[in-house]
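I open the notebook on this model and go through what I looked up, entry by entry. Rings come first, then the cavity, then single residues.

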Amino acid sequence: MMEWYDQYSVHIRQMDRQHRQILAILSRIYSLRESDRRGLERVFSGLENYIRRHFRDEEQLMRCHGYPGYPEQKREHEQFIDQICSYRKEFIKGTTPVMINLFNNLWDWLAHHILLLDRRYMPFLREQGCR
C-alpha cells in the first residue's frame with residue numbers, strides 16, 4: 001500500500017483528494033498479479049477514466065484562475081494520457097512487463113508531477129482563494 005505524506009499536499013482539498021485516489025489506484029496496481037487479466041483490465045479502465053477526470057478538474061481550476069503555468073501542465077497531462085493508452089495497448093497484446101512498467105511510470109509521474117509541477121500552482125491558486 002502506497003502511503004500519503006503531507007509533502008504531497010498542494011493544500012487544495014479537491015486536488016489532494018484526487019491525488020490520494022491516484023495513490024490508491026497505484027496501490028491496487030502494485031497488489032495485482034499479471035495473471036489477473038480481468039482485474040488488471042478494470043484497473044486500467046478505472047485509472048484512465050480517473051486520470052482524465054482529475055486532469056480536467058485541475059486544468060479547469062488553472063484556467064479559471066489564469067494560472068500562467070497552465071500550458072506546461074496541459075502538455076504534461078496529454079503526454080501522460082498517451083503513456084497510459086500505450087501501456088493499455090501493450091497489455092491487450094499480452095506484453096508481460098506492462099504492470100511493472102505502469103507501476104514504475106505512475107510512481108515516477110506522481111513524484112515529478114505532484115511534487116514539482118503541481119506544487120508550483122499551489123501558491124498562485126491559494127492566493128486566488130482556492131482551498
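**Aromatic pairs.** I counted ring pairs in this predicted model. The count came to eight aromatic pairs. I then picked out one of them, phenylalanine 55 with phenylalanine 80. Their ring centres lie 6.3 Å apart, and the planes meet at 70°. An angle over 60 degrees counts as edge-to-face, and I logged the pair as edge-to-face. Next I asked which elements the two rings belong to. Phenylalanine 55 sits in helix 2 (residues 37-64), and phenylalanine 80 sits in helix 3 (residues 70-93). The pair therefore ties together parts that are 25 residues apart in sequence. Are these two residues buried or exposed? I noted both phenylalanine 55 and phenylalanine 80 as buried.

I also looked for rings that group together. Trp4, Tyr5, Tyr8 and Trp107 make up one aromatic cluster.

**Cavity.** I searched the whole structure for cavities of 30 Å³ or more and found one. The volume of the largest cavity is about 50 Å³. Which residues line the largest cavity? I listed Trp4, Tyr8, His19, Leu23, Trp107, Leu110, Ala111, Ile114 and Leu115. Among the lining residues are Trp4, Tyr8 and Trp107, which also belong to the aromatic cluster.

I sorted the lining by element. Helix 1 (13-31) and helix 4 (98-127) each give at least two residues. Helix 4 has the largest share, with five residues. I sorted the lining by class too. Eight of the residues are nonpolar, one is polar and none is charged.

**Histidine 113.** I stayed in helix 4, where histidine 113 is placed. Its relative accessibility is 0%, so I entered histidine 113 as buried. Which side chain does histidine 113 join in a polar contact? The partner is the side chain of histidine 77, at 3.2 Å. I then listed what histidine 113 touches, leaving out residues up to four places away in sequence. The list reads Glu58, Gln73, Glu76, His77 and Asp118.

**Leucine 117.** Leucine 117 is another residue I checked in helix 4. At 3% relative accessibility, it is buried. Beyond its neighbours within four places in sequence, I found leucine 117 in contact with Tyr67, Glu72, Gln73, Glu76 and His112. Gln73 and Glu76 appear here, and they appear in the list for histidine 113 as well. I also took a distance from leucine 117 to aspartate 82. The two are 35 residues apart in sequence, and their C-alpha atoms are 18 Å apart in space.

**Glutamine 18.** I moved to helix 1, which holds glutamine 18. Is glutamine 18 buried or exposed? Its relative accessible area is 3%, so I put glutamine 18 down as buried. Its side chain makes a polar contact of 2.7 Å with the side chain of aspartate 57. I looked up its wider surroundings, again not counting residues up to four places away in sequence. Glutamine 18 touches Tyr50, Arg53, His54 and Asp57.

**Arginine 20.** Arginine 20 is in helix 1 too. With a relative accessibility of 44%, arginine 20 counts as partly exposed. I took one distance here, to glycine 46. The residues are 26 places apart along the chain, and 14 Å separates their C-alpha atoms.

**Histidine 11.** I checked the backbone of histidine 11, in the segment before helix 1. Its phi is positive, about 60°, and histidine 11 is not a glycine. Most residues other than glycine have a negative phi. I therefore looked up its exposure as well: histidine 11 has a relative accessible area of 40% and is partly exposed.

**Glycine 94.** My last stop was the loop between helix 3 and helix 4, where glycine 94 is found. Glycine 94 is partly exposed, at 40% relative accessibility. How far apart in space are glycine 94 and arginine 37? From C-alpha to C-alpha I noted 9.6 Å, for residues 57 apart in sequence.

Definitions and conventions: Residues numbered from 1 in each chain as written. Predicted model: local features only at pLDDT ≥ 70, side-chain atom pairs only at ≥ 80, totals over all residues. Heavy atoms only, no water. Phe/Tyr/Trp six-rings, centres within 6.5 Å; stacked < 30°, edge-to-face > 60°. Helix = DSSP H or I, 4+ residues; strand = E, 2+ residues; numbered from the N terminus. Buried < 20%, exposed > 50% of the residue type's maximum accessible area, 1.4 Å probe, protein only. 1 Å grid on protein atoms, 1.4 Å probe; cavity = no way out; pocket = protein on both sides within 12 Å on 5 of 7 lines; lining within 4 Å. Points joined across faces, edges and corners; volume = space filled by probe spheres on them. Nonpolar A, V, L, I, M, F, W, Y, C, P; charged D, E, K, R; others polar. Polar contact = N/O pair within 3.5 Å; in protein donor to acceptor, adjacent residues only side chain to side chain. Contact = heavy atoms within 4.5 Å.
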